[in-house]
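Visitor: I should like to go through this model with you. May I put some short questions as we look at it?

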Amino acid sequence: MKIVIINYGAGNIQSIKFAFKRLGYDAILTNNVEKIKNADKVIFPGVGEASSAMKMLRESGLDTLIPNLKQPVLGICLGMQLMCNYSEEGNTKGLGIFDCDVVRFTNEVKVPQIGWNAITELKTGLFKDIVKTEYIYMVHSYYAPSCEETIAIADYGIPYSAALAKDNFYGVQFHPEKSSTVGEQILKNFLQL
């Protein structure tokens, strides 16, 4: 199986590579359009700031490639947020895959949210064999509100989308590569989609 991690200068890539290695797969890190198009599964990671990440995607032409991919694509953290229409972070137009806007947590909660959080209301094959409330690892200041494409909910002062899905596109706000056995199961499930 050809697993590609899109390399566009947004961090957290080594821990994702190691997570797949633990599952017995070698993920390729690349920004090569042909390699991305020909992959069986595509990981769209992200750590950093939305507007500068989108700028890097536009400069490399990946902003037009990603929304047109036909194989399963998994956006992680900022990767998921960039798949939405818009982000308040840096007043950023996103890729428009998920029909929702990303907003900042209010100051009524400690920002950023860092640490373990429960996910509930799990839908789709991405959460196969995860039957009870599980805890995953979060680090973020912005979130996607609940919408039609929400497939998991987390709560941090308010309920919000912990995961989104539409067609062949999936996004998780949390870091599966840092979420212990449940994160590993989610990555395994993604590979089976």
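Visitor: Which residues does Ile43 touch, not counting residues up to four places away in sequence?

Guide: Ile43 touches Ile3, Val4, Ile5, Ile6, Ile16, Phe20, Leu74, Ile76 and Phe190, where contact means heavy atoms within 4.5 Å. This is a predicted model, in which local features need pLDDT of at least 70 and side-chain atom pairs count only at pLDDT 80 or more, while totals for chains, interfaces and linings use all residues. Residues are numbered from 1 along each chain as its sequence is written, and side-chain values use heavy atoms, with hydrogens and water left out.

Visitor: How many residues has the largest nonpolar core?

Guide: The largest nonpolar core has 38 residues, and Phe20, Ile43, Leu74, Leu126, Phe127 and Phe174 are those with the most contacts inside it. Such a core is a set of buried Ala, Val, Leu, Ile, Met, Phe, Trp, Tyr and Cys residues joined through side-chain atoms within 4.5 Å; buried means under 20% relative accessible area with a 1.4 Å probe, protein chains only.

Visitor: Which element gives the largest share of this core?

Guide: The largest share, five residues, comes from α6. Helices (H or I, at least four residues) and strands (E, at least two) are DSSP runs, numbered from the N terminus. Apart from this core lies another, of 31 residues, including Ala39, Leu57, Leu69 and Leu82.

Visitor: Turning to the open sheet, what is the order of its four strands?

Guide: The order is β6-β5-β7-β10, with mixed pairing; two strands pair if DSSP finds at least two bridges between them. Strands β5 (residues 84–87) and β7 pair in the parallel sense over three bridges, and Tyr86 stands opposite Asp101 in β7. Strand β7 (residues 98–104) runs antiparallel to β10, joined by two bridges, with Arg104 opposite Tyr142 in β10.

Visitor: Which strands stand at the edges?

Guide: These are β6 (92–93) and β10 (142–143); each has a single partner strand, so one side of each is left without a neighbour in the sheet.

Visitor: And the largest pocket: which residues lie nearest its centre?

Guide: Val47, Gly48, Cys77, Val139 and His140 lie nearest the centre, among 15 lining residues. About 210 Å³ of space lies in this pocket. A pocket is an open set of points on a 1 Å grid over the protein atoms alone, where a 1.4 Å probe fits, with protein on both sides within 12 Å along at least five of seven lines; lining residues have an atom within 4 Å of a point.

Visitor: Which element contributes the largest share of that lining?

Guide: Strand β9 does, with three residues.

Terms used:
Grid points are joined across faces, edges and corners, and a volume is the space filled by probe spheres set on the points. Buried means under 20% relative accessible area, exposed over 50%, partly exposed in between (1.4 Å probe, protein chains only).
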